[in-house]
Amino acid sequence: MVLVKNLPHDCAVQRELHGEAAEWSLSDHLLAAAVDHLAVANWMFQCVNSDEDDDQPDFPKPVPRPGVKDEDEDGEGAGGSAADGGAEEAISPLALARFFG
């Protein structure tokens, strides 16, 4: 058991135990988070700077991460939280502007 814990994260044993998640390093997760935040900031900028009569752009989809099913794959969705752009709880651009400062 000690040998398995200390194997590199990208070795074959880790990939067999953890699947695609073994291929993602901390840097990969941080980069995906940065891309998601940038996409939300661009979406928020577009919402705030558009006319009230214009159609609002769709909330950006997050970068797919290992171990997390996409809404379109299983057909049911992940539950509709505000973070994943679900329809149950709408996020106004004003609320996002207050949150991000």
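This report describes helix α3 and the side-chain pairs that join it to the loop after it in a predicted model.

## Helix α3

Helix α3 covers positions 26-48. The helix has 23 residues, and the distance from its first C-alpha to its last is 33 Å, close to the 33 Å expected at 1.5 Å a residue.

The buried residues of α3 are Ala32, Asp36, Val40, Trp43, Met44 and Cys47. Two of these, Asp36 and Trp43, are taken up below.

## The salt bridge

Side chains of opposite charge can pair when their charged atoms come close. A search of the whole structure finds 1 salt bridge. Its partners are arginine 65 and aspartate 36, with 2.7 Å between the closest N and O atoms. The bridge links distant parts of the chain: aspartate 36 belongs to helix α3, arginine 65 lies in the loop between α3 and α4 (71-74), and the two are 29 residues apart.

The partners fall into separate accessibility classes. Aspartate 36 has a relative accessible area of 15%, so it counts as buried, the limit being under 20%. Arginine 65, at 23% relative accessibility, counts as partly exposed.

## Surroundings of aspartate 36

The salt bridge is one part of the setting of aspartate 36. The side chain of aspartate 36 also reaches the backbone nitrogen of valine 63, at 2.8 Å.

Which residues does aspartate 36 contact, leaving aside its neighbours within four places in sequence? They are Lys61, Pro62, Val63 and Arg65. Among them, Arg65 is the salt-bridge partner, and Val63 supplies the backbone nitrogen reached by the aspartate 36 side chain.

## The aromatic pair

The search of the whole structure also finds 1 aromatic pair. Tryptophan 43 and phenylalanine 59 form this pair in an edge-to-face arrangement, with 4.9 Å centre to centre and 75° between the planes. The arrangement is classed as edge-to-face because the angle of 75° is over 60 degrees.

This pair, too, links distant parts of the chain: tryptophan 43 is in helix α3 and phenylalanine 59 is in the loop between α3 and α4, 16 residues apart. Tryptophan 43 is buried, at 9% relative accessibility. Phenylalanine 59 is partly exposed, with a relative accessible area of 23%.

## Summary of the links

Helix α3 is joined to the loop between α3 and α4 by the salt bridge of aspartate 36 and arginine 65 and by the aromatic pair of tryptophan 43 and phenylalanine 59. On the helix side, aspartate 36 is buried and tryptophan 43 is buried; on the loop side, arginine 65 is partly exposed and phenylalanine 59 is partly exposed.

Conventions: Residues are numbered from 1 along each chain as its sequence is written. This is a predicted model: local features need pLDDT of at least 70, side-chain atom pairs count only at pLDDT 80 or more; totals for chains, interfaces and linings use all residues. Side-chain values use heavy atoms; hydrogens and water are left out. A salt bridge is a side-chain nitrogen of Lys or Arg within 4 Å of a carboxyl oxygen of Asp or Glu. Helices (H or I, at least four residues) and strands (E, at least two) are DSSP runs, numbered from the N terminus. Buried means under 20% relative accessible area, exposed over 50%, partly exposed in between (1.4 Å probe, protein chains only). The expected span of a helix is 1.5 Å times one less than its number of residues. Rings of Phe, Tyr and Trp (its six-membered ring) pair if their centres lie within 6.5 Å; planes under 30 degrees apart count as stacked, over 60 as edge-to-face and the rest as tilted. A polar contact is a pair of N or O atoms within 3.5 Å; within protein, one must be able to donate a hydrogen and the other to accept it, and residues adjacent in sequence count only if both atoms are side-chain atoms. Contact means heavy atoms within 4.5 Å.
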